Amino acid sequence: MTAPGPPRGARGVPAWTGAAGELAATMTGFARTLRAAGVAADHERTQNLLRALRHLDVAEPRQVYWAGRLTLCSGPDDLPRYDRCFAAYFGGLRARAERPAVTTVTRRLAADGAGADDGARGEGEAVPGVASRAEVLRHRDVARLTDAERAEVHAMLSMLRAGRARRRSRRFEGSHRGVLDRRRTIRDALRKGEIARLRHRRHTTRPRPVVLFVDVSGSMAPYAETLLRFAHALVRSEPRATEVYSVGTRLTPITAELRHRDPGTALAEVSRAVPDWSGGTRLGEELREYLSRRSARGAIAVIASDGWERGDPALLGAQVARLSRQAYRVIWVNPHKGYEDYRPLTGGMRAVLPYLDDLVAGHSLAAFEELSERLADA
């Protein structure tokens with residue numbers, strides 16, 4: 001029987017990755033793509049792949065394919081995902097995917113990466129340089145992308161499998177180790193007439209809740225859709241442990257709308273539910289409204305806004321201080337934080353800065369991947 005190889009038409013790592021640094025950057029980007037698709041391609045597995053590639057011809061697709069498959073995959077469930085990502089990342093092929101988003105991003109990567117020779121290429125023929133294009137798109141500001149490029153980024157974002165840190169719950173479960181479970185031990189003894197075995201128990205765990213506030217005001221218009229697609233990925237990953245609200249001039253719960261499986265349908269539902277698109281921002285009043293009705297105790301509170309507050313900045317600072325006393329962590333996502341020369345000089349940002357655990361960027365796919373990892377490690 002012939003051993004399977006890389007997807008038809010897929011190429012190896014492009015020739016320009018001959019330098020060690022460029023090779024590492026390319027394969028690290030491929031590992032990130034695999035993690036977004038649900039493959040546990042962690043740092044250790046990526047280093048194993050890089051060590052293996054030092055002894056192989058990286059221009060030969062079969063060698064690259066098998067090196068990645070043997071080092072980055074942890075089980076049979078990873079193999080179909082690995083094949084799809086390998087085809088999309090290195091070959092620009094039309095991947096056979098279960099989810100339409102994978103097909104979309106692969107098709108568009110192929111179409112845009114081919115350049116002026118599109119008409120001469122066959123549909124199944126590989127497109128050089130797709131890996132570098134995908135990596136460039138990951139780091140570009142979504143506000144500066146074309147409609148086609150933004151659609152590609154949104155398609156890749158829809159493949160994000162957002163992990164979540166877990167916390168100990170009050171419930172117990174049976175265990176071979178842990179605290180002695182006196183009740184179960186005594187019941188067993190009464191049933192059997194003797195103490196045949198000591199029973200133990202331990203606390204169960206559950207995902208830590210996340211409360212996400214997405215600013216949909218006019219100043220955040222270039223980023224609002226991408227932020228909502230990230231929110232959709234969070235809700236899809238942990239529907240019972242995620243709450244999402246839009247904030248502008250009104251506080252609007254949109255968790256139910258984001259539970260739809262298809263991101264396009266979910267965003268259409270959100271657009272109908274949110275009455276204050278591209279208006280002003282009264283975040284202080286809306287946080288006060290939330291805290292008067294709900295509690296963020298033990299949750300990770302994520303506020304996605306540029307900090308242009310039309311209300312009283314002092315009120316905003318007071319409400320974020322109140323939120324910080326309830327929440328496990330408070331993370332502020334500011335799209336402008338992605339620029340090296342950014343300084344939090346607006347009144348809203350200066351008011352809240354003392355009460356934040358993290359101030360992170362929110363302008364690119366890579367920034368959202370880092371935010372997802374932060375939520376998984378909190």
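**Briefing: aromatic pairs and selected residues**

F213 and Y290 are both buried (under 20% relative accessible area, with exposed meaning over 50% and partly exposed in between, for a 1.4 Å probe and protein chains only). The model is predicted, so local features require pLDDT of at least 70 and side-chain atom pairs count only at pLDDT 80 or more, while totals for chains, interfaces and linings use all residues. Residues are numbered from 1 along each chain as its sequence is written, and side-chain values use heavy atoms, leaving out hydrogens and water.

**Aromatic rings**

- The structure contains eleven aromatic pairs; rings of Phe, Tyr and Trp (its six-membered ring) pair if their centres lie within 6.5 Å, and planes under 30 degrees apart count as stacked, over 60 as edge-to-face and the rest as tilted.
- One of these pairs is F30 with Y89, which is tilted because the ring centres are 5.5 Å apart and the planes stand at 45°.
- This pair links distant parts of the chain, with F30 in helix 1 (residues 20-36) and Y89 in helix 4, 59 residues apart; helices (H or I, at least four residues) and strands (E, at least two) are DSSP runs, numbered from the N terminus.
- F30 counts as buried because its relative accessibility is 1%, and Y89 is buried at a relative accessible area of 4%.
- The rings of F213 and Y290 have centres 5.2 Å apart and planes at 85°, so this pair is edge-to-face.
- F213 in strand 4 (residues 210-215) and Y290 in helix 12 also link distant parts of the chain, being 77 residues apart.
- A single aromatic cluster is formed by F30, Y65, W66, Y82, F86 and Y89.
- R208 lies over the face of Y328, 3.7 Å from the ring centre; a charge sits over a ring if NZ of Lys or CZ of Arg is within 6 Å of the ring centre and within 35 degrees of the ring normal.

**Charged residues in helices**

- D78 belongs to helix 4 (residues 78-91).
- D78 is buried but has no salt bridge, and the nearest side chain of opposite charge, R81, is 4.1 Å away.
- A salt bridge is a side-chain nitrogen of Lys or Arg within 4 Å of a carboxyl oxygen of Asp or Glu; Lys and Arg count as positive and Asp and Glu as negative, with His and the chain ends not counted.
- Apart from neighbours within four places in sequence, D78 is in contact (heavy atoms within 4.5 Å) with G38, V39, A40 and C73.
- R150 is located in helix 7 (residues 147-158) and counts as buried at 17% relative accessibility.
- A polar atom of the R150 side chain lies 3.0 Å from the backbone oxygen of L145.
- Not counting residues up to four places away in sequence, R150 touches V142, A143 and L145.

**H139 and its surroundings**

- H139 lies in helix 6 (residues 130-139) and is partly exposed, with a relative accessible area of 42%.
- The side chains of H139 and R138 are joined by a polar contact of 3.2 Å; such a contact is a pair of N or O atoms within 3.5 Å, where within protein one must be able to donate a hydrogen and the other to accept it, and residues adjacent in sequence count only if both atoms are side-chain atoms.
- H139 and A366 are 227 residues apart in sequence, yet their C-alpha atoms are 5.5 Å apart in space.
- Leaving aside neighbours within four places in sequence, H139 is in contact with H363, S364 and A366.

**Backbone at S278**

- S278 lies in the loop between helix 11 (263-273) and helix 12 (283-293).
- S278 is not a glycine, but has a positive phi of about 55°.
- Most residues other than glycine have a negative phi.
- S278 counts as partly exposed, at 47% relative accessibility.
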